Amino acid sequence: MRQTGKVKTMRTGWNSQALLGYLLVAPLLLWLAGTILYPLMAAINLSFQNVGIIGTGGQYIGLENYSKVLGSGKFWDAFKRSLVWVIGNGLFQTVAAFATALILKQRFSGRGIARVWVILSWIVPTVVVVIIWRWMLGTSGGIVNYLLVALGITPEPVAFFGSPNTAMISVMLINSWRWFPLMAVILLASMQNIPQELYEAAAVDGASPFQRFLNVTLPGLQPVLFVMGLVGTLWSFNVFDVIWLLTGGGPSSGTTTLPVYIYEMAFKKYRLSRAAAASVLVGLFLLLFAVLFIRFMAPKGEEEGE
Amino acid sequence: MRAKAGAFTIALIIGMLFMAWGPVSAQEDVVEIVFWHMEQPPHRVERIQQLIDEFNEAHPNIHVSQEPQNWAEIYAKAPAAVAAGNAPDLLFAIPDFTPIIRQVGAVQPVDDFVAEMDEAHGFFPSAVEPYTYDGHVWAVPLWNMAHSLWYHVDMFEEAGIEPPETWDEWLAAVEALTDEEAGVYGIGLPANRHLYTDQTVYDFMINAGAFELYNEDGTLRFDNPDTVEALDFYSQLYQYSPPDSPNWTWGEAEACFVSRTCAMILQFTVIKSYEDQGEGDPENLGVIPIPHAADLEESGTIAYPNAVMLLTDDPDKQEAAYEWLRFLLEPENYGRFLNMEPGLFLPVTEDGSEAESYWSDPLVVEYEAQIRVMLENSQNGMLFGFTGGNIFPSIAQISAQNLLAQTLQRVVIDGEAPADAVAWGQEQMIEAIEAAEE
């Protein structure tokens, strides 16, 4: 009887705690339901209709939008460009962030200023970034082209946004320039948590700097790299503003990634429902990616600790 | 003591209620008019605000306020605002934007008001025509804009060439003026997927005789030898345009011209930037009609009669909005309104084109010769989808997707043969129209 009484008390205590927990998270859950769940449901509902311009009516047409999107060569071209975009940005940003973090980890005079300075490009608003780079890369008075020609690096100004390939690389570099400082700061913070003793022990064992990076730094950064790999990929995939403002998806659709494709479908071609279908498909793809990434890339230590 | 305090509190509350109620009751008699326009540069917003302030002061029962928008976003934002019930009372328009807003059921016909203004000020018919279809007039014309060919006079003189009138002369002039080593390009032509490129492509189409996009029965006639000829010639000139032209909008073209990197450009006007950032020498600023193909006799150009749509269905607001527009179109105000950007916005009324308020602006006085040429050019202006007395609102879908610019990109960027690109363009246009009819 006494045991039963204890269980009852514990259960009652747990219930009141749980209730408090629910009460505390309820406002956030309601907020998320209003700002994410409702629009998501509305988009799914829209994707089964034939609405053209926002605000006009439509009829339910089943899966027709999905079949048209999946059968469209332009959708798959945009999908390929999105993959190129994510991989390119991942490479550029990872290399730049690692290099910056490793440099900023060293002791040198002015390190404090350098650590603040490096974050500036991330603080600058996107529109300003776009204007700065458009003018700097322009062929009529742009400083970059002026220097390239003046220093004899190129015989004539380079059209950075003049062809699909150069435009894609240019936009990737500009986007990476904007985002790598955030990654560098996170990496730097994580590097400083790696015990110095590990580096000293590795040095005593005769490990070269590269071997120390490979066997001490990288494993130490695994948890943060996992999170950045997941979140960074999702962020990168969904980038719209920089691309749209710099190239509008051009030239000749060369930078039309999926977010740009969806925007054009909704607000240039006025096929809102078809754009909603494409959005749902992209959402499903990103969800699948996240599940697989967590399943196969999660740091082993965390799994064991669960 | 307590009773006194209670009486004081009650008196205070009643007093506060009166104070709060007073202004509200006064505001109830004021009709609020919100109007969206896409003239974002600060000096234009400032000039419009000056006129608004004068109007509001003279009309205490009406309060007009402006909310500047962006042309790049308005095609998405305005339908969304209508759907959300937050539409403005007045919304600026160009002819191919009006059908989009009409499709969401928000535009009110303005036949009677346009007739009244026509009687009072005399609208140029070409300004009203693009807004007249389906039995009504759908917007009140406010100003016109037309492309011209702008050039540096001294560059022509140094090269010993005359301003071109035909395409052969134009190509020869562009070749002669290009000196890539010196960083000078004979012409600046855009190839961006942008409205500016649509406009320049249409300039070439007009001057090749391909100005009709539709047949009389509403079928498309974009795919024809004249359009192919226009795109072929565009690509010939484009070789002499700066390498970053595929990313140009109006601003980059103007910058290229003002910095003397481009000897010529097609533009509505360059006067303000030429005066503020360039040489500022009216004698050295040349402007002529756009050259035409050899088999045509005269030049044509793209022209955009800009207008304002009435979206509110509230009779009080409608009358207040009309009062504001009457004020704007009065000759003493109209010139100042147009000169928010001197030399860009051309009058669409007979008395406005002679108004002292228009011709007395210092910049207009300085560049009067150029503005006279612009006005003359605008008389031969036309707009794709709004020609020949047949107006097909499906042009809105073609325009919104920049299909003229996309067709050009296939030629000058992807290297496709003009005939194939034009055939592709027509397919895309048919698809766009069918999608709109679904």
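Two residues count as in contact here if their C-beta atoms, placed from the backbone, lie within 7 Å. Keep that in mind for the exercises below, which work through a predicted model.

**Exercise 1. What share of the contacts in chain B between residues at least 6 apart in sequence join residues at least 24 apart, and what else describes the chain as a whole?**

Solution. Start with the contacts: among those in chain B between residues at least 6 apart, 74% link residues at least 24 apart. Next, the secondary structure, which comes to 21 helices and 12 strands. For burial, 50% of the 438 residues of chain B count as buried. Finally, the C-alpha trace of chain B spans about 100 × 55 × 45 Å along its principal axes.

**Exercise 2. Now run through chain A: how many helices and strands does it have?**

Solution. Chain A has 14 helices and 0 strands, so there's no sheet to look for by the DSSP rule that strands are runs of at least two E residues. Buried residues make up 31% of its 306 residues. Of the contacts in chain A between residues at least 6 apart in sequence, 67% join residues at least 24 apart. Then check the dimensions: a compact globule of 306 residues would have a radius of gyration near 19 Å, but chain A comes out at 25 Å. Its C-alpha trace spans about 95 × 75 × 30 Å along the principal axes.

**Exercise 3. How many residues does each chain put into the contact between A and B?**

Solution. Chain A gives 28 residues and chain B gives 35. Sort the chain A side by class and you get 9 nonpolar, 15 polar and 4 charged residues.

**Exercise 4. Where do the two domains of chain B begin and end, and which elements of domain 1 touch domain 2?**

Solution. Lay out the bounds: domain 1 takes 31-145 + 304-378, and domain 2 takes 148-302 + 389-437. Their C-alpha centres lie 27 Å apart. Domain 1 of chain B brings 18 residues to the contact between them, and domain 2 of chain B brings 18 residues. On the domain 1 side, helices H4 (98-103), H17 (362-366) and H18 (368-378) of chain B each supply at least two residues. H18(B) gives the most, with 4 residues. By class, that side of domain 1 has 12 nonpolar, 3 polar and 3 charged residues.

**Exercise 5. Which residues have the most contacts inside the largest nonpolar core?**

Solution. The largest core holds 177 residues, and B:Leu91, B:Ile101, B:Val308 and B:Met309 have the most contacts inside it. Both domains of chain B feed this core, with at least three residues from each. Zoom in on B:Ile101: leaving out residues up to four places away in sequence, it touches B:Ala78, B:Pro79, B:Val82, B:Leu91, B:Ala106, B:Val107 and B:Met309. There's also a second, separate core of 11 residues, including A:Ala101, A:Phe180, A:Met183 and A:Met228.

**Exercise 6. Why is strand E7 of chain B largely enclosed by the rest of the structure?**

Solution. Count the buried residues of E7 (residues 148-152): 5 of the 5 qualify, so the strand is largely enclosed. Now look at which way they point. B:Ser148, B:Trp150 and B:His152 go one way and B:Leu149 and B:Tyr151 the other, and all are buried. Then find the partners. E7(B) runs antiparallel to E8 (residues 264-267) of chain B, joined by 4 bridges, with B:Ser148 opposite B:Gln267. E7(B) also pairs with E9 (residues 285-288) of chain B in the antiparallel sense, over 4 bridges, and here B:Tyr151 stands opposite B:Gly286.

**Exercise 7. Two non-glycine residues, A:Tyr270 and B:Asp134, have a positive phi. Is each one buried or exposed?**

Solution. Take A:Tyr270, with a phi of about 55 degrees, in the loop between H12 and H13 (272-297) of chain A. The cut-off for buried is 20 or more other C-beta atoms within 10 Å; A:Tyr270 has 26, so it counts as buried. B:Asp134 has a phi of about 50 degrees and sits in the loop between strands E4 (132-133) and E5 (136-137) of chain B. Exposed means 12 or fewer; B:Asp134 has 10, so it is exposed.

Notes
Residues numbered from 1 in each chain as written. Chains lettered and ligands numbered in written order. Predicted model: local features only at pLDDT ≥ 70, side-chain atom pairs only at ≥ 80, totals over all residues. Nonpolar A, V, L, I, M, F, W, Y, C, P; charged D, E, K, R; others polar. Domains from an automatic or database assignment. Core = buried A, V, L, I, M, F, W, Y, C linked by C-beta atoms within 7 Å. Pairing = 2+ DSSP bridges. Rg over C-alpha atoms; globule rule 2.2 N^0.38 Å.
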